[in-house]
Amino acid sequence: MSENKGNTAAKASVGYMIGNYCIKGIGFITVPIFARLLSTSDFGIYNTFLAYEGILYIFISLALHSSVKNAKYKFEGEIDKYTSSIAILPVIAAFVFLVAAVVFGEPLGGLLKIDGACIVLLVLYSYCSGLVILYQSRIALDYNYKEYLGMSVFNVLFSVGMSILLICTVFSGQRYMGRILGGTAAYVLLAVYISIKIIKKAPPRVNKEYWKYGLKISLPIIPHGLSQILLLQFDRIMINSMIGSSQAGLYSFSYTIFSLVQITASSLDTVYSPWVFRQMKGEDNKNSIKAVGTCFMLLIAGVVTAVMLLAPEIILLLGGEKYTESFVCLLPVLVSGFFAMAYCIPSVMEYYYEKTKYIALGTTLAAVINIILNAVFIPRFGYVAAAYTTLVSYLLYFLLHTVISRKLSGFFVIGIPYLIGAVIIISSASVTAYVFRYLLWARAAALGVLVCIGIAMIISAYGKERSLEMLRSLGKKGKN
């Protein structure tokens, strides 16, 4: 790949990160607003709705977005036709679920503890969010971060604005419905916009070859998606049932802070995966892939380290005194988050070689191990044990995919010495954060030292000349 395209990918990565942090910032600002507008019951219903949407989305979207990167090279020059064609499949799935929602809405509502109207909105929300993710996967192939961020900003602002309007007017008696409708309306409008864009580029047509190929790659991702939900949610359910809702709340709060790491990793992966696919189509690009994969990993480690060392202040800022106890489980949650996010780097080879069954196997295995460990250790050691069982599960998860990636590609996509160095840095940060939790100056000094070490490692992994060229390129972009 040319140096110019490499710089384009780097600029896109920075654009995704800055934009997503701004969007997440808006989300944090709205938390106290809705906490005051909604009762605890309304808040519970809305979050239950989102939890169900996370599951239903997987079945309606069929995880077809995961096939787009492969299809770009399998059907060269036909990616828009491919995207348009496979977009028909979620419409069929949504129709089936919508009929079921209308016919069995009342009994389903009683089973899921939400009313029948919410069931219909649940199907609509799930379909539209699936279409948005499919389209975002498509435009990521062109590093089109401006449109991606434009849609994300619209979604956040319109959803929040419309929800507040509905809560304060039409649905003042059913405020949860105003929040759900506001979020659904934003996704519906985005889905209309995307549908027009897709149809303009290539009118939807049934193509059995496209459908067969897409389902071959995406269907194994369904158990992967469900297992990810188990990994993220089931420990909270077990804590709630075994220990209590207060401890479950403290544990859940640590994941709110973990989302800062998640934003960085997902933003980088949006650019990294398409870039790797392009590199793999070239010749003798293993060194470039390994260098960039190593830098990706080090950047994630850097964010984890920074959040760790500033964790006491972040907890006070976002949650206040009542959440300070969550500090003890936040540290292992952040370490597990490092391995969970770093998994994106080796897993790209499983996508490239169309071995998505390994991804499903790895995630399912990690989820099962996590549930077993939680059942054993939570009753004995309390809710903090869940953070450490999750760490063990994600460590095994990362190692498994690293080995599989090595077997498929013939090389490690991350420099092992740098990985060991990153783990040492994160471990040092964790110990420092715990020992000096009441001394900000000591943690700030440690952060400065570790950041310098991290920058030196990134320059070493990526190469001095390429690093300077990248900085010059980003500097020029900032002036434009």
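Val99 sits in helix α5, which spans residues 88-103. In this predicted model, Val99 is partly exposed, with a relative accessible area of 38%. Val99 belongs to a nonpolar surface patch. The other members are Ile92, Phe95, Val96, Leu98, Val102, Val103 and Phe104. Together these residues present about 760 Å² of accessible area. Residues three or four places apart on an α-helix point the same way, because the helix has 3.6 residues a turn.

The protein chain contains 21 helices and 0 strands. Of its 480 residues, 51% are buried. The exposed surface amounts to about 21700 Å². Carbon and sulfur atoms supply 67% of that surface. Contacts reach far along the sequence. Among those between residues at least 6 apart, 82% join residues at least 24 apart.

The largest nonpolar core holds 80 residues. Within this core, Tyr251, Ile289 and Phe338 touch the most other members. Helix α12 (residues 245-280) gives the most to the core, with 17 residues. A second, separate core comprises 52 residues, including Phe75, Ala94, Cys118 and Ile180. Nonpolar side chains tend to be buried together in soluble globular proteins.

The surroundings of Ile289 can be listed in full. Beyond four places in sequence, Ile289 touches Tyr272, Trp275, Val276, Gln279, Met280, Met349, Phe411 and Val413. Met349, Phe411 and Val413 are also among the contacts of Ser405. Ser405 lies in helix α18, residues 384-409. Its relative accessible area is 1%, so Ser405 is buried. Pro346 and Gly410 complete the contacts of Ser405 outside its neighbours within four places in sequence.

Helix α7 runs from residue 116 to residue 140. Its 25 residues reach 36 Å from the first C-alpha to the last. This is close to the 36 Å expected at 1.5 Å a residue. Of these 25 residues, 20 are buried, so α7 is largely enclosed by the rest of the structure.

Ile79 lies in helix α4, residues 79-86. Ile79 is buried, with a relative accessible area of 9%. Its contacts beyond four places in sequence are Val68, Ala71, Lys72, Arg138 and Leu141. The C-alpha atom of Ile79 is separated by 9.1 Å from that of Lys69, 10 residues away along the chain.

Two residues with positive phi occur in the loop between α2 and α3. Leu62 is found in this loop, between α2 (40-61) and α3 (68-74). Its phi is near 60°. Ala63 is found in the loop between α2 and α3 as well, and its phi is near 55°. Neither residue is glycine. Most residues other than glycine have a negative phi. Leu62 is buried, at 16% relative accessible area. Ala63 is also buried, at 5%.

The structure holds 5 salt bridges. Side chains of opposite charge can pair when their charged atoms come close. Arg138, a contact of Ile79, forms a salt bridge with Asp142. The closest N and O atoms of this pair are 2.9 Å apart. Arg138 is buried, with a relative accessible area of 7%. Asp142 is partly exposed, at 41%.

A salt bridge also joins the side chains of Glu147 and Lys197, at 3.7 Å from N to O. Glu147 lies in helix α8 (residues 145-168) and Lys197 in helix α9 (residues 175-201), so the pair ties together parts that are 50 residues apart in sequence. Glu147 is buried, with a relative accessible area of 14%. Lys197 is partly exposed, with a relative accessible area of 28%.

Glu354 and Lys216 meet through their side chains in another salt bridge, at 3.2 Å from N to O. This pair links distant parts of the chain, 138 residues apart. Glu354 is in the loop between α16 (344-352) and α17 (356-381). Lys216 is in helix α10, residues 208-218. Glu354 counts as partly exposed, at 25% relative accessibility. Lys216 is exposed, with a relative accessible area of 52%. Elsewhere, salt bridges that share partners join Asp80, Arg138 and Asp142 into one network.

Definitions and conventions
Residues numbered from 1 in each chain as written. Predicted model: local features only at pLDDT ≥ 70, side-chain atom pairs only at ≥ 80, totals over all residues. Heavy atoms only, no water. Patch = residues over 30% accessible without salt bridge, like charges linked within 9 Å, V, L, I, M, F, W, Y side chains within 5 Å. Areas by Shrake-Rupley, 256 points an atom, 1.4 Å probe, with all protein chains shown as cover. Salt bridge = Lys/Arg side-chain N within 4 Å of Asp/Glu carboxyl O. Helix = DSSP H or I, 4+ residues; strand = E, 2+ residues; numbered from the N terminus. Buried < 20%, exposed > 50% of the residue type's maximum accessible area, 1.4 Å probe, protein only. Contact = heavy atoms within 4.5 Å. Expected span 1.5 Å × (residues − 1). Core = buried A, V, L, I, M, F, W, Y, C linked by side-chain atoms within 4.5 Å.
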